[in-house]
Amino acid sequence: MPVDQIASELGIAEIRREVLDGCEGILLTDRVRSIGKILVNSARGPQAARFGIAHELGHFLLERHVLGLGDTFTCSLKDMRETRTARLHERQEVEANAFAIGLLVPDDQLAPFLNEHPDISSVAGLRTKLDISLEAATRCLVDRHDEPIAAVWTLNGRIRYVVRGKTFPWIARSAGDSVSSLSRTASALAKGKSGITGMHEVAAAAWTTADIPELYEQVRVGRDGHALTLLWASLPGADGADRDED
Ligand SMILES: [Zn+2]
């Protein structure tokens, strides 16, 4: 998706990519959107910058979004991760994110991935196909897949943040907590080898106090202590018999 070109055709006069400290994107505009300039953080890589541009373009096109001081939107990393909320500021961020995902991830491109079992390898395929970040691809999968799944981002074994699908049960741990020693993530990190594990059963207590029949966990261990964990629950009454066991 040629996001710069689309933005320019929709009235964005200038897009700049710079290393920003403390914010991910800025849209300079006015109430009637007669002008639009986007400044986006390039420090987290080209794919995150593309997402940032699409997010700011969302604010630009959603005219009822209320401008901040100096007729700007200044968007933080937290803003770029908002998915569900009722408060005005966050709701605008949720809408800008939904717009960005809608633009960068067309439904027909996503559909094949939603028909497969949840898997980090296929998320990586989605990332490559659509030139979005692994994070955006993962969030998209968690949000849209019918299965109860959740994703957990960790650094050095501590949770950075969690995204749960609508039907995934509560996760008993939150940002800042260490992962449970019962988790597959803990054992994958202990091995210290980067790569993607299989999707294997794990004790539900590693992640949740909810009473669920089965929980599966897959881990992608990256460099520099970063890891991504995909959790797949079977809910009471659901048939999980088609999952691979080993
Ligand atoms: Zn924003």
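**Pockets, zinc site and backbone of the predicted model**

Helix α6 gives the most to the lining of the largest pocket, contributing seven residues. The structure is a predicted model, and this pocket has a computed volume of about 1100 Å³. Its lining comprises 44 residues, of which Ser 133, Leu 134, Glu 135, Ala 136 and Trp 153 lie nearest its centre. Besides α6 (134–144), the elements that supply two or more residues to this lining are the helices α2 and α3 together with the strands β5 (149–155), β6 (158–164), β7 (195–196), β9 (214–221) and β10 (226–234). Divided by class, the lining of the largest pocket holds 18 nonpolar, 11 polar and 15 charged residues.

The position of this pocket can be related to the division of the chain into domain 1 (3–104) and domain 2 (145–234). Both domains give residues to the lining of the largest pocket, so the pocket lies between them. The C-alpha centres of domain 1 and domain 2 are 30 Å apart.

The second largest pocket contains about 280 Å³ of space. It is lined by 14 residues, and those that lie nearest its centre are Val 162, Val 163, Arg 164, Trp 170 and Arg 173. By class, the lining of the second largest pocket consists of seven nonpolar, two polar and five charged residues.

With respect to enclosed space, the count comes to one cavity of 30 Å³ or more, and the volume of the largest cavity is about 40 Å³. The residues that line the largest cavity are Glu 24, Val 40, Asn 41, Arg 44, Ala 48, Ala 49, Phe 51, Gly 52 and Met 80. Two elements, β3 (36–41) and α2, give two or more residues each to this lining, and α2 provides the largest share of the lining, with four residues. By class, the lining of the largest cavity has five nonpolar, two polar and two charged residues.

The zinc ion is coordinated by the NE2 atoms of His 55 and His 59, the SG atom of Cys 75 and an OE atom of Glu 93, at 1.9 to 2.2 Å. The angles among the four donor atoms run from 92 to 130 degrees, and the site of the zinc ion is tetrahedral. Along the sequence, the donor residues follow the spacing H-x3-H-x15-C-x17-E. Because His 59 lies in helix α2 (residues 46–61) and Glu 93 in helix α3 (residues 88–104), this pair ties together parts of the chain that are 34 residues apart in sequence. His 59 and Glu 93 are both buried.

Two residues may be considered for their backbone conformation. Arg 33 has a positive phi of about 60 degrees although it is not a glycine, and this residue is found in the loop between β2 (25–29) and β3. Arg 33 is buried, its relative accessible area being 8%. Asn 156, likewise not a glycine, has a positive phi of about 50 degrees, and its place in the chain is the loop between β5 and β6. Asn 156 counts as exposed, with a relative accessibility of 61%.

Technical notes
Residues numbered from 1 in each chain as written. Predicted model: local features only at pLDDT ≥ 70, side-chain atom pairs only at ≥ 80, totals over all residues. Heavy atoms only, no water. Donors = N, O, S within 2.8 Å, 3.2 Å for Na, K, Ca; no water. Tetrahedral: all angles 85-135°; square planar, octahedral: opposite > 155°, others 65-115°. Buried < 20%, exposed > 50% of the residue type's maximum accessible area, 1.4 Å probe, protein only. 1 Å grid on protein atoms, 1.4 Å probe; cavity = no way out; pocket = protein on both sides within 12 Å on 5 of 7 lines; lining within 4 Å. Points joined across faces, edges and corners; volume = space filled by probe spheres on them. Nonpolar A, V, L, I, M, F, W, Y, C, P; charged D, E, K, R; others polar. Domains from an automatic or database assignment.
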